[in-house]
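Open the structure in your viewer and have the selection tool ready. The tour goes from one selection to the next and says what is there at each stop.

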Amino acid sequence: MSELNPLQVTRCTATSCLGRGVVALQAALEQQHSGLAPCHFETTRIDTYIGEVAGVDAVQIPARLQQFDCRNNRLALLGLTQDNFDEAVRSSSARWGRARVGVFLGTSTSGILSTEVAFRHLDPNTGALPASFNYAGSHNSFSVVDFVRRLFELEGPAVTVCTACSSSAKVFATAQRMIACDLIDAALVGGVDSLCLTTLYGFHSLQLTSSSPCRPFDVARDGLSIGEAAAYALLERAPTGSADQDAIRLLGVGESSDAYHMSSPHPEGAGARSAMQAALTAAAITPAEVDYINLHGTGTPSNDSAEDRAVTSLFGHQTPCSSTKGATGHALGAAGALEAVICVLALKSGLLPGGVNTRQQDPKLTANYLTANRHQAVRRVLSNSFGFGGANCSLLLGCAA
């Protein structure tokens, strides 16, 4: 893939419970700060920790796009206006043409919170939802993509990917294929997922939420912490000829679907290993050339165990790796894009972030898991995102040379 169609990460940004934009994100990672706090979201009464983004409800959707007003799209807009990302998109649109820029975003629950609130106000006589409720502009999974493409007046292909926790990693693959087919020259990719009652109560009912901040790979790990985020990257055709050696490229993407179980991973990590191997093959590099792996690492016993087996079977026990979900929470459909941005920061700064909240690594997990930050030269990084039903995706990012 990299030889036929190298893609450059022209700009990226991320907004999460660690703050707005990459400067805040980098600072929090450097300080090993966690943005997780006790859950007081909406009407939720669950003993768990969450990663809530501050100030989302104060965001104003432009008047011309009021039909898209919901928490998820307000979070989307908040994220788009950080790090001059919106200006980068407009510049790309002017350079390539509106019809040559695609929009591919991942989400899991979209604006379902609006539906949850609307159901509190059903007509007592007819049972009808309130007239103010707009399904297409909120709950519909295409809502966030439609909102973003209209915001920038883009006319290229527009797709929402909903594969649970791998959603916003898989959009990188979608963009790569679209560009390889010469349908577009650039793509706005990423993910937006916001807190809602369905997610919080749903994971709680599966007994997957922890009553403390999640601690991936820890011997006492007992569940995940739900977060929310808006994270984006602008992918464009890489320039030909001599390139900036420090430019960040999408080198390879690997996808798999083991379909082992609806909500549990293959115990030996078969699908996870397949996705990682596919990413390496696409980039024509060996496991030894990867300097860091950002793990899916949710903090649940079975997920961490399966991923550990997959990683060590392919990379051995030396490659540094960690999960950043102890800092950000699990942003679900936005997790893949958020962690891809963290990998870009690792490539630019040399920071390999230690896993926050992990105090004692489970002795049964033998990957080289970092609990403290490490600084070193970084040229190739892998980011793992694994979704329900075995919808797996690994992204390989690296410096241009």
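Select helix α2, residues 71-80. Ten of the ten residues of α2 are buried, so the helix is largely enclosed by the rest of the structure. Click along α2 and you pass R71, N72, N73, R74 and L75, then A76, L77, L78, G79 and L80, which are buried. Buried here means under 20% relative accessible area. Keep in mind throughout that this is a predicted model.

Keep α2 shown and add helix α5, residues 143-152. How do two packed helices get described? By the angle between their axes and the distance between the axes. For α2 and α5, the axes come within 10 Å and cross at roughly 45°. That makes α2 oblique to α5. The crossing of α2 past α5 is right-handed.

Now show the side chains where the two helices meet. On the α2 side, select N72, N73, A76, L77 and L80; on the α5 side, select S143, V144, F147, V148, L151 and F152. The residues of this contact between α2 and α5 divide into eight nonpolar, three polar and no charged. Look at the spacing of the selected positions along each helix. An α-helix has 3.6 residues a turn, so residues three or four places apart point the same way.

Next, select G137, in the loop between α4 (112-118) and α5. Is G137 buried or exposed? G137 has a relative accessible area of 2%, so it counts as buried. Leaving aside residues up to four places away in sequence, G137 touches Q67, F68, C70, N73 and S143. Two of these names are familiar: N73 lies in α2 and S143 in α5, and both belong to the contact between those helices. Then pick the C-alpha atoms of G137 and L65: they are 72 residues apart along the chain and separated by 9.2 Å.

Move to a second pair of helices, α1 (residues 21-30) and α11 (residues 335-349). Their axes are 11 Å apart, and the helices pack at an angle of about 75°. That makes α1 roughly perpendicular to α11. In α1, select V22, L25, Q26 and L29, which meet V341, I342, L345 and S349 in α11. The residues of this contact divide into six nonpolar, two polar and no charged.

The next stops are strands. Select β10, residues 248-257: eight of its ten residues are buried, and the strand is mostly covered. Which strand is joined to β10 by nine bridges? That is β17 (residues 391-399), running antiparallel to β10. Across this pairing, S256 stands opposite N392 in β17. Strand β1 (residues 7-16) also pairs with β10 in the antiparallel sense, over two bridges. There, L7 has L250 in β10 as its bridge partner.

Another sheet is open and has three strands, in the order β3-β4-β8, with mixed pairing. At its edges are β3 (37-38) and β8 (226-227), each pairing on one side only. Select β4, residues 49-51: two bridges join β4 to β8, and these strands run parallel. One pair to pick out is G51 and its bridge partner G227 in β8.

End at T300, in the loop between β11 (292-294) and α9 (301-315). T300 is buried, with a relative accessible area of 2%. Not counting residues up to four places away in sequence, T300 touches L208, R221, G223 and L224.

Definitions and conventions:
Residues numbered from 1 in each chain as written. Predicted model: local features only at pLDDT ≥ 70, side-chain atom pairs only at ≥ 80, totals over all residues. Heavy atoms only, no water. Helix = DSSP H or I, 4+ residues; strand = E, 2+ residues; numbered from the N terminus. Buried < 20%, exposed > 50% of the residue type's maximum accessible area, 1.4 Å probe, protein only. Contact = heavy atoms within 4.5 Å. Pairing = 2+ DSSP bridges. Axes fitted to C-alpha atoms, helices over the stretch in contact; angles between N-to-C directions. Parallel < 35°, antiparallel > 145°, perpendicular 65-115°, else oblique. Left-handed = near helix turned anticlockwise from the far one by under 90°. Nonpolar A, V, L, I, M, F, W, Y, C, P; charged D, E, K, R; others polar.
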